[in-house]
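User: I'm new to reading protein structures and would like some practice. Could you take me through one part of this one slowly, and add a little about what surrounds the topic?

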Amino acid sequence: MIIYEDVNGVDFIDEFMQVLPLHYEELCVTKQFPFDPDWDHYKALAAAGLLRTITVRNDAELIGYMAFFIRPNAHYKSCKCAYEDVYYIKPEYRKGRIGIKMFQYAEEALKRIGVNRIIIHTKVHLDNSRLLEYLDYHQTDKLFTKIL
C-alpha cells in the first residue's frame, strides 16, 4: 500500500541515508563534491519550521520523498514560498501515478501551512518538464551554475 505523509523534520535520517546515495548517483551533476549532507543545518531548519518533507512509502519502506525550504519571497513578502530542495522516487516505483500523487499531496500539504507559491527545478539530463507541465507548473526561469 502506498502511503504519503507530510512530516516536519528529519526524524528519518537513517532511512534517508539508504535512499539518498541512489538519488545522488542518478541525479547529481557535481560529483566532484562528495555526498555529505549537512544534517545539522537541516535539523535547525526543521526546528524553525522552515523545512517541510513529504515521504512516500510502500507499506513501511521509504520509496520517495520531497523536501522544501519554506520562507517568504524576498521580493514579495506576502508571498510564502516553498522552494524545492530535492524530490525522488526509486526507479522501480516510477510507474502509474505514484509520482503525480506525491506532487499533488505535497501541494495540498503546503497549501495547508499557508504556502501560496511552489518553486521546483528539474535536471537537464533527467528532464521532468512534462510532468511539471501536466501538474500545471510553468517554466519561469533557466538556471545556470558554474564551479569555481
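Analyst: Here is a close look at one helix, followed by a lysine in a loop and a pair of cysteines. Please keep in mind that this is a predicted model.

Let's begin with helix H2, which covers residues 39-47. Its buried residues are Trp39, Tyr42, Leu45 and Ala46. They lie on the same side of H2, because the arc they cover around the axis is only 120°. A general rule helps here: an α-helix has 3.6 residues a turn, so residues three or four places apart point the same way. Now turn to the other side of H2, where Asp40 and Ala47 are exposed. Just after the helix comes Gly49, with a positive phi of about 75°.

Next, find Lys90 in the loop between strand S4 (80-89) and helix H3 (98-112). Lys90 is buried, with a relative accessible area of 12%. Its side chain is joined to that of Glu61 by a polar contact of 2.7 Å. Beyond its neighbours within four places in sequence, Lys90 is in contact with Val19, Leu22, Glu61, Leu62 and Ile63.

Finally, the cysteines. The structure holds 0 disulfides. For Cys79, the nearest cysteine sulfur is that of Cys81, 3.7 Å away. A disulfide needs the two sulfur atoms within 2.5 Å, so Cys79 is in no disulfide. Cys81 is in no disulfide either. Cys79 is buried, with a relative accessible area of 15%, and Cys81 is buried too, at 0%.

Notes. Residues are numbered from 1 along each chain as its sequence is written. This is a predicted model: local features need pLDDT of at least 70, side-chain atom pairs count only at pLDDT 80 or more; totals for chains, interfaces and linings use all residues. Side-chain values use heavy atoms; hydrogens and water are left out. Buried means under 20% relative accessible area, exposed over 50%, partly exposed in between (1.4 Å probe, protein chains only). Helices (H or I, at least four residues) and strands (E, at least two) are DSSP runs, numbered from the N terminus. The arc is that of the directions from the helix axis to the C-beta atoms. A polar contact is a pair of N or O atoms within 3.5 Å; within protein, one must be able to donate a hydrogen and the other to accept it, and residues adjacent in sequence count only if both atoms are side-chain atoms. Contact means heavy atoms within 4.5 Å.
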